[in-house]
Amino acid sequence: MEKRSDFVSLRDVSKHFGTVRAVDGVSLDIAQGEFFALLGPSGCGKTTLLRILGGFEASNSGSVHIDGADLTIEPANQRPVNMVFQNYAIFPHMNVRQNIAYGLRKDGLSKAEISQRVDEAVATVKLEGLGDRGSHEISGGQRQRVALARALIKHPKVLLLDEPLSALDKNLREQMRVELRALQQKVGITFIFVTHDQEEALSMADRIAVMFEGEVRQVDTPARLYEAPASREVAAFIGSMNFFDASVVGAEGGKIIVDAGPLGKMSMAPPEEGAPVKGEAVTVGIRPEKLTLGEAPPSAGANAIKGKLTAASYLGERNHFFVTVDGMDEPISVASQNSSPMDHKGWSEGGEVWLTWEPAGARLLRA
Amino acid sequence: MKFQLPSWMRGGGLTTYAVLYMVFLYVPVLFLPLFSFNDGIYIAFPLKGFTVKWYEAMIETESLQAALFNSIRVAASVSIISTILGVLAARAFTRYRFVGRKPTLGLLALPLVVPGIILGIALLIMANRLGIPLSLFTIGAAHVLIATPFATFVMISRLEGFDSNLEEASRDLGETGWTTFWRVTFPLALPGIVASLLLTFIESFDEFILAFFLSGTDATLPIYIWSQLRFPKRLPVVLALGACILLFTVITVAFAEWVRRKGVKLTPKSED
């Protein structure tokens, strides 16, 4: 069976709270079986959008379709959608099994069938042996598993997860990223999760929608989002990036020639949204790890800039440097991997250094 | 020669103060049960001997039984009505942020501090003006007035920290608003409801001033007790009755507090 690419389909969805436009004209298509992330800083509207999908907020305009059915005004209890709440919302007066079985009451199942379904769900989330524990007798990680089992037992078409890992401590969080991803692959249900943590989104999601100020600014795979951000704000939110003001001075063989001040003139691939015209102000972005630090001047023809090393920090698996360049206010940030023990040599701060980069490592951004 | 405080006054005398405080607080109250078992009609030492005849006389007194029955009827009605009102009000206060929330909460608490005698006079005047005959109904209505804020605060303390996500989770799992109430909200609020029922019952059962102003021909128990104080010979029976009420009140309030605290914690313990 062909999987629908518009399994979940949002069209021009908006939600206002008073004068605040929490969600502003969002359109999105999410494929069946996709692990999809809504990523953005707090207050960007990602949670409101998730709650609109769950039926907990009514949108002011626009439509929500899931698997072809219009659910725009469908109440939460009628939707083929279930939610894992940020604090997991485990019913405190019920034990683990009762929590997991909660949603089955109306499905007209026999006691034996319910018991079997609960056993399956318990096994799916690896909670064997904890069924009779009270809601206060389980750890934070186990609470999350109960919340997952309670939602998945309903066989929803879409599972919504609100900041699913934020209530866990750091080690558990990293472990659960892998587990959640594996669980999603196993059950094959479309997962949509909200997070403000870019690493979480990059490591788990098939695709990510980056949201700012109620709008979706870019929807892409993790690698594309990182390597080919559509705008300066997306580039700055996903990882870090050095930005250089530049202006277009010409075009040549499908490439754009820009003058990036201290970086000199460069020939760059135009952004997908369209090539900027001559004279337009643009930004050249280079991620810290795309820069290479060296003491000797590079061979002629390479992209290079001379600077002064102002700070060097040893961070274990990598080194981080700041290099100041004449004519630039902000120091350039450079990261290098410690791939062999020899990589960590005593860089002398204040010394003259050269930065080089591959042409493909620099990215042309509009404005 | 150096002046020295006697040992019982040292340490600021705070221990002494605390002990005296407790003595003044509880000894008079404890005289009630003590003399209710005394074989004599005067409250005076030495005690004359142990007897339960005052308790027997108490049980046989029909006017007392009638007053007791009146009090139970009024208190039961008051506890149910004020608890229902309290639950609804507490839900509004804990669940929603609305304009005038704080002032309303303050106004609601006001009957708790308005002197009973002022409230009694005010209500009596109003009942007269409106032509409402004085009866157990007027007493009950007045008691609802003072018991409702009480019930509301008990319920607010229970419902505070009630995670609205729990109700959303229930709806998410297919339940309607009504079934969510019965499967989630009610069981979690139940300890508060039980505590509120018991405490408002006692509040009404023990109340004297409002009942005194607003009673017609039917007396409640506190009014009956007051009326009996005119007959010195009946005093030991009143003491026996007082001892029973004391015991009943203490047990009920302690039980209510136990229920209120024992109930399932609404918020999970913070991260392990």
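**Exercise 1. The contact between the chains**

Find how many residues chain B and chain A each give to their contact in this predicted model.

*Solution.*
Step 1. Count a pair as touching if the C-beta atoms, placed from the backbone, lie within 7 Å.
Step 2. Chain B then gives 21 residues, and chain A gives 24 residues.
Step 3. Turn to the side of chain B that touches chain A. Two or more residues come from each of α7 (164–172) and α8 (177–206) of chain B.
Step 4. The largest share is that of α7(B), with 6 residues.
Step 5. Sort this side of chain B by residue type: 9 are nonpolar, 3 polar and 9 charged.

**Exercise 2. Two domains in chain B**

Work out where the domains of chain B lie along the chain, and how they meet.

*Solution.*
Step 1. The domain assignment lists domain 1 as 27–60 + 229–263. Domain 2 covers 76–218.
Step 2. Over C-alpha atoms, the centres of domain 1 and domain 2 of chain B are 30 Å apart.
Step 3. Their contact involves 10 residues of domain 1 of chain B and 9 residues of domain 2 of chain B.
Step 4. On the domain 1 side of chain B, the residues touching domain 2 are 4 nonpolar, 3 polar and 3 charged.

**Exercise 3. An open sheet in chain A**

Give the strand order of the open sheet of 6 strands in chain A, and name its edge strands.

*Solution.*
Step 1. Read across the sheet: β6-β7-β8-β3-β9-β10 (chain A). The pairing is mixed.
Step 2. Look for strands that pair on one side only. These are β6 (81–84) and β10 (215–220) of chain A.
Step 3. From one strand to the next, the twist averages 20 degrees.
Step 4. Start at the edge strand β6(A). This strand runs parallel to β7 (residues 158–162) of chain A, with 4 bridges between them.
Step 5. Pick one bridge: A:N82 has A:L159 in β7(A) as its partner.

**Exercise 4. From hairpin to next strand**

Trace how β16, β17 and β18 of chain A are paired.

*Solution.*
Step 1. Recall the general rule: strands of a sheet pair through backbone hydrogen bonds, parallel or antiparallel.
Step 2. β16 (residues 303–314) and β17 (residues 318–324) of chain A are antiparallel, over 6 bridges.
Step 3. β16(A) and β17(A) make a hairpin with 3 residues between them. In the turn, A:G316 has a positive phi of about 85 degrees.
Step 4. β17(A) also pairs with β18 (residues 332–337) of chain A, antiparallel, through 6 bridges.
Step 5. Follow A:V323 in β17(A). A:L309 stands opposite A:V323, and A:I332 in β18(A) is a bridge partner of A:V323.

Technical notes:
Residues numbered from 1 in each chain as written. Chains lettered and ligands numbered in written order. Predicted model: local features only at pLDDT ≥ 70, side-chain atom pairs only at ≥ 80, totals over all residues. Domains from an automatic or database assignment. Nonpolar A, V, L, I, M, F, W, Y, C, P; charged D, E, K, R; others polar. Pairing = 2+ DSSP bridges. Axes fitted to C-alpha atoms, helices over the stretch in contact; angles between N-to-C directions.
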